[in-house]
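Here is a short report to read alongside the structure. It walks through a helix residue, a pair of strands and the cysteines.

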Amino acid sequence: AARPAPRPPRRARRRRISRFASSLPGFRGALKQRYSDFVVHEVARDGTLVRLTSFDLPDERADTDDEAEADLPRALESFRLLCGDADCEVLRGFLSSVSEGDSDVSPIILSPDADKAHRLEVHDFFKRNFIFLVTDTVEHSDGVQRCIRVRLRSGPRGRRNRTGIGSSEPSGWRDDRPFDSRGSVTWPYHLGKFLRFHLYKENKDTQEALRVIGKMLGLQPRSFRIAGTKDKRAITTQQVTLFKVHASRLAALNNKLTGIKVGDFNYVKEGLVLGQLMGNRFTITLRSVIAESEDMIKVAVDGLIKNGFINYYGLQRFGSASVPTHLVGATLLRGEWRSAVSLILDPREGECDDMNGVREHYKEHGDIDVAIRNFPRRLIAERAILQRLKKYPGNYLQALMAIPRTLRLMYVHSYQSYLWNHAASMRAGMYGLSGVIEGDLVYKKECPGEGTVTDASENNDDHTNASEMDIFAETLPEETIQSVKIADSEDLLKAVYTLEDVVLPLPG
């Protein structure tokens with residue numbers, strides 16, 4: 001007789017993880033007995049494994065003047081066709097002064113131009129052909145005529161920004177308005193605005209590692225951008241981007257960091273966004289393995305290869321405390337503010353005696369000052385709630401709003417995951433996992449011209465604000481939106497779909 005499959009652990013069943021993809025008995029082993037037993041390498045969008053291979057600094061030098069000057073005649077001829085002989089000669093003289101090493105060369109103002117579309121074309125011309133120059137638009141004192149002003153950009157070719165005017169400037173043009181620099185004037189013009197590097201960490205949470213680096217650099221955690229968080233109890237390597245920070249500053253930290261290393265530096269135009277990765281490669285060591293025989297282990301591994309696994313949301317989504325985060329999420333969705341606060345603050349099973357003593361004391365006496373003094377700083381939600389309750393006694397909604405938005409979202413996302421796991425378990429329990437059944441939702445097989453691809457990031461050249469950098473408050477972007485359909489009898493006859501194509505909606 002076939003042996004019944006083992007039951008998942010009780011903690012997993014409470015999160016609605018209650019089914020296996022096969023009926024094999026499997027075997028037992030200790031996972032993550034040491035943090036080095038779990039090695040994670042991020043897989044970049046191009047399919048390469050993210051590894052820490054070099055501590056060398058990237059070359060920050062600009063292209064040589066010889067290379068730039070080789071295309072100068074061609075660029076000037078194009079400019080003459082665009083703006084005419086007079087402006088071309090003015091630009092030629094300006095470039096001549098720059099090439100002679102005059103960093104104090106005065107800006108030039110081109111001929112009046114009433115055509116906005118043409119002015120845009122001129123601005124684009126300078127961006128494409130003379131990256132060491134900057135242009136903006138100035139107006140005449142009559143408030144009607146407009147003209148393009150050209151100056152030397154700060155950087156290797158020039159050290160100062162002057163608002164003076166050259167002899168070619170027509171009288172009456174306003175030159176007192178500051179240049180529209182739009183961004184840091186001290187950042188080298190030829191470098192990408194984001195430093196991309198590989199973060200290697202041991203037995204540390206991703207956010208913890210970034211907080212340590214940020215504190216040493218004097219930067220906020222939101223300055224960092226990542227494609228996804230990595231396990232704490234593990235050795236992990238992943239990509240990170242940082243806005244306008246030189247690689248030398250990060251490299252200097254390697255001698256001071258413990259369990260963290262940074263390297264493989266490169267300057268890029270755009271920062272990472274959540275979800276901008278192909279996946280993760282795991283190397284897992286199991287210890288204290290208990291099995292009937294080596295053959296049983298082989299059968300189990302072959303079964304995993306053949307049958308795969310139900311793609312449940314893992315236990316880390318629900319937290320390690322005895323009060324799972326999805327229960328807090330459920331009370332928030334029901335608007336039960338006081339219950340949500342109690343779930344977060346009340347004593348909980350499995351926590352150390354000292355910590356539970358603090359919780360018990362607050363529950364019995366309601367002394368907020370004592371609780372704030374004794375709750376460690378790592379308990380962000382608890383401390384935020386208590387500090388707000390001290391200011392607004394009895395206002396539990398206000399207290400919950402004091403929790404950082406990312407953490408509040410985590411509670412609700414956890415409940416979404418709980419419901420999804422429940423649906424996955426029901427689908428497996430009612431219909432098995434042998435294949436697609438009529439009525440399943442499946443990813444539609446794409447035909448040529450079908451499917452919509454969306455880019456989660458926009459090329460916003462010079463504007464980067466706090467909301468754009470606060471990536472941890474954003475939801476995962478859908479890089480590729482695939483159509484979903486209901487599998488019908490014709491699909492089953494043609495065997496178009498397999499169980500791997502079956503999907504379930506995430507309640508929103």
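## A glutamate in a helix

Let's start with glutamate 382, which sits in helix α13, spanning residues 380–391. Keep in mind that the model is predicted. Glutamate 382 has 6% relative accessibility, so this residue counts as buried, the cut-off being under 20%. Leaving aside residues up to four places away in sequence, glutamate 382 touches Ile344, Leu345, Arg348, Arg359 and Phe375.

## A pair of strands

Next, have a look at strand β9, which covers residues 260–268. Of its 9 residues, 7 are buried, so strand β9 is largely enclosed by the rest of the structure. Strand β6, made up of residues 194–202, runs antiparallel to β9, and 7 bridges join the two. Within this pairing, leucine 199 stands opposite valine 262 of β9.

## The cysteines

How many disulfides does a search of the whole structure find? The search returns 0. Cysteine 83, for one, is in no disulfide: the nearest cysteine sulfur belongs to cysteine 88 and lies 8.9 Å away. Seen from the other side, the closest cysteine sulfur to that of cysteine 88 is in cysteine 83, and 8.9 Å is too far for a bond because a disulfide needs the two sulfur atoms within 2.5 Å. Cysteine 88 is also buried, with a relative accessible area of 2%.

To close, here are the two buried residues discussed above, side by side.

| Residue | Relative accessible area |
|---|---|
| Glutamate 382 | 6% |
| Cysteine 88 | 2% |

How values were computed
Residues are numbered from 1 along each chain as its sequence is written. This is a predicted model: local features need pLDDT of at least 70, side-chain atom pairs count only at pLDDT 80 or more; totals for chains, interfaces and linings use all residues. Side-chain values use heavy atoms; hydrogens and water are left out. Buried means under 20% relative accessible area, exposed over 50%, partly exposed in between (1.4 Å probe, protein chains only). Helices (H or I, at least four residues) and strands (E, at least two) are DSSP runs, numbered from the N terminus. Two strands pair if DSSP finds at least two bridges between them. Contact means heavy atoms within 4.5 Å.
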